[in-house]
Amino acid sequence: KKLVPGVAGTTYPIERLGIAPVVMADGPSAVRLSVKREGDDKKYFATNVPCETLLASSWNNEATYKIGKILGEECREYGIDVLLAPGVNMMRNPLCGRNYEYFSEDPLLAGKMSAAMVNGVESEGVGACPKHFAVNNQELNRLHNDARVSQRALREIYLKNFEITVKESQPWMIMTSYNNINGRHASEDRGLLETILRDEWGFEGIVVTDWGGGYDAAKQIWAGNDLIEPGRYAEVKRIMEAVKSGELAESDLDRCVKRVLELVVKSIRHKGYKFSNNPNLEENGKLTREIEPEGFVLLKNEQNALPFTKEQKVALFGTGAYNLILSNSVSVRSLHGRTVNLDEGLRNAGVSLNEALDKRYIKHMQNEKKRLAPFWKLRRWCTYDLRPVELRDIRNHTARAAEESDIAVITIGRNSSESFDRHVERDFNLNMHEQAMISAVSRDFHSRGKKVVVVLNICGPVEIASWRDKVDAILVAWLPGQEAGNSIADALLGKVSPSGHLSTSFPMKYADVPSQNFPHNEVEWCAESGKNLSRVFDQKQPIYYDVPNIDYTNYEEDIYVGYRDYATRKVEVAYPFGYGLTYSQFEMSDMSVKECKDGYKVSCTVKRAGNFPAKQVVQLYSSELAPEVDRPTIELRGYKKTPLLQAGESTVVEIVIKKEDLMTYNEKASAWKLTKGEYDLLLGFDSQTLPLKHRITITKEILK
Ligand code: BGC
């Protein structure tokens, strides 16, 4: 544990046999290690990279690969062998507390992004560990919840993301999840770990438990877990006894030993790599800043409110601007030494802020920090909901600020954390102070012909429909990473056009979300005290309770997650999956579909029609015309981001898909099936606007 202070885990060395320990540290938003070490003045900083939701919103595999490289290099230079990332789970519900550690509500996008990150990390000579395998979609009662989900939804949604990851990146390690799946703990499910993961997908790496997850160490070994973390003596004893009694075959244990040794010989420590303890933080910070706007999503931009010029005086509203959230949660937090807030970012870019307002906020923030400090200290583990409140006397400031400034920028922040799910009222909806701030700013600025911009520094979707008409522009910056203030300023001032598209839908209201049985307003479950809402361990005998949605959750919406539901039921959303504007306009034309080996080459021309240099995202969906089973009306099949296009410039985008990509999972046959019939291939810039269409006919059924 002392090899690299602050990391999540270290395996035991066996010096007698020359077997080195393997050091594992959390990600995905930074390499997590202790910044300070005893008797050492040096600070061990790590780069805070954008959260995974931002990366997926970039729809740029190359950008995610580069972020993976940053994480990999920093691991290697700190002597860390494996990064415990990326998080690959599906965003079943927008309130899941760990969604920002995940990529998307769509398994293809999540899988491709995950593979890109793994490949980036591993290109630096260290391992990656996609997690949490599988169906880890709610934090409430996360150690015990039983996710009850159909085989079809498992295959098409909740395993598909991992399948793509394994097939396209063959990671060194995979972490099993804390939850149960259909009555069996994920780490004790041999069908999942041996049959599906290894036999069907060809996984060759090592399987590790999530920290402290699972009930029975012997069963975990039998099922195909090779490493149990953090590892307790009781577990060793249990395994030894099981082998002695014949309950566990020695060959199962040998298999683990072999796989752990395979990991050891790959690791940098075994290879004797002389790590520097000096990763290239400066370069990594610069690259992070460049990548951040790739995933910023511009939702609204009436009359080109954005970008504004640095000559325009800005009235900066919202405590969020002075307290930007870069990333949070136990498994992703790391100190990188500084936070660039939005006031600083705008000043760095040469913008002058409304002084009186700025002073008022600075004073307010000092008071709020003082008020919150004892609580932060008390709840070291999770402070995501302990945020400064908005100014109560906002109405006393808006008229003067509007008089003195040229434009208003309001920042709204939302954070969440491992172990806790978000709530509808306090997290998804804006609170009354935030609503009052937007109304007052809007009234006073608009009455003077001045524009209002909202920056959303959020961990996941929030309700927008009720207030969006009051503002001119909305920019989703997600949790952007350490350069937050600078990169948001870059986007607001048009140093670069935001070019992200939503990797998750923004519903009109929470009631529209398909997984309504998600525990969305439950009493808190306290991770620190270990108190569990529903399951009590009485010595060795657990007492089981059966509280719906806490002890078990029926995935009633089945395969209809996110846009698959909204598009099929024709439910209006605030902003659809795949949506995003830029400071430019684009045209799409000349769709062509050519049959190639096992599939199709789909291409189109994208031309930049607007004034501003920008990138665009081409998305390909499929729709089966007369499916023999219930099927979403559209499903994402591929995507590509264009390079930066100059005025009038056009580019040809090509996306290759396989016929197999159009299959559904047939439960009766326990197999993937491609049915004969007609399918539309649809191209567009978001899931709701798909102007180009080409019909193909499948003439031969495939069962696989
Ligand atoms: C989290 C994992 C993490 C592990 C080690 C667990 O609580 O669920 O994501 O990698 O801790 O820190």
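These exercises, each with a worked solution, cover the overall form, two sheets, one helix and two single residues of a predicted model.

Residues are numbered from 1 along each chain as its sequence is written, and side-chain values use heavy atoms, with hydrogens and water left out. Because the model is predicted, local features need pLDDT of at least 70 and side-chain atom pairs count only at pLDDT 80 or more, while totals for chains, interfaces and linings use all residues.

**Exercise 1. Describe the overall form of the protein.**

Step 1. Count the elements. The protein has 17 helices and 29 strands. Both are DSSP runs, numbered from the N terminus: helices are H or I with at least four residues, strands are E with at least two.

Step 2. Test compactness. The radius of gyration is 25 Å, close to the 27 Å that the globule rule gives for 704 residues, so the protein is as compact as a globular protein of that length. The radius is taken over C-alpha atoms, and the rule is 2.2 Å times the number of residues to the power 0.38.

Step 3. Take the dimensions. The C-alpha trace spans about 80 × 70 × 50 Å along its principal axes.

Step 4. Check burial. Of the 704 residues, 63% are buried. Buried means under 20% relative accessible area, exposed over 50%, partly exposed in between (1.4 Å probe, protein chains only).

Step 5. Look at contact range. Of the contacts between residues at least 6 apart in sequence, 77% join residues at least 24 apart. A contact means heavy atoms within 4.5 Å.

**Exercise 2. Place strand 14 among its neighbours.**

Step 1. Find the partners. Two strands pair if DSSP finds at least two bridges between them. Strand 10 (residues 297-301) pairs with strand 14 in the antiparallel sense over 4 bridges. Strand 13 (residues 451-457) runs parallel to strand 14, and 4 bridges join them.

Step 2. Name bridge partners. Val297 has Val476 of strand 14 as its partner. Val454 stands opposite Ile474.

Step 3. Inspect the faces. In strand 14 (residues 473-476), Ala473 and Leu475 are buried on one side, and Ile474 and Val476 are buried on the other. Both faces are therefore covered.

**Exercise 3. Work out the order and edges of the sheet that holds strands 1 to 4.**

Step 1. Read the order. The 4 strands form an open sheet, 1-2-3-4, with mixed pairing.

Step 2. Identify the edges. Strand 1 (9-10) and strand 4 (127-128) each pair on one side only.

Step 3. Follow one pairing. Strand 3 (residues 82-84) and strand 4 are parallel, with 2 bridges. Val82 has Gly127 as its bridge partner in strand 4.

**Exercise 4. Decide how enclosed helix 4 is.**

Step 1. Count. In helix 4 (residues 151-158), 7 of the 8 residues are buried, so the helix is largely enclosed by the rest of the structure.

Step 2. List them. The buried residues are Arg152, Ala153, Leu154, Arg155, Glu156, Ile157 and Tyr158.

**Exercise 5. Characterise the surroundings of Glu77 and Ser603.**

Step 1. Locate Glu77. Glu77 is in helix 2 (residues 61-77). Its relative accessible area is 6%, so Glu77 is buried.

Step 2. List its contacts. Beyond neighbours within four places in sequence, Glu77 is in contact with Tyr273, Phe275, Ser276, Asn277, Asn278 and Pro279.

Step 3. Locate Ser603. Ser603 is in strand 21 (residues 599-608). Ser603 counts as buried because its relative accessibility is 15%.

Step 4. List its contacts. Not counting residues up to four places away in sequence, Ser603 touches several residues, among them Asp590, Val652 and Leu683. Asp590 and Ser603 are 13 residues apart in sequence and 7.8 Å apart in space, C-alpha to C-alpha.
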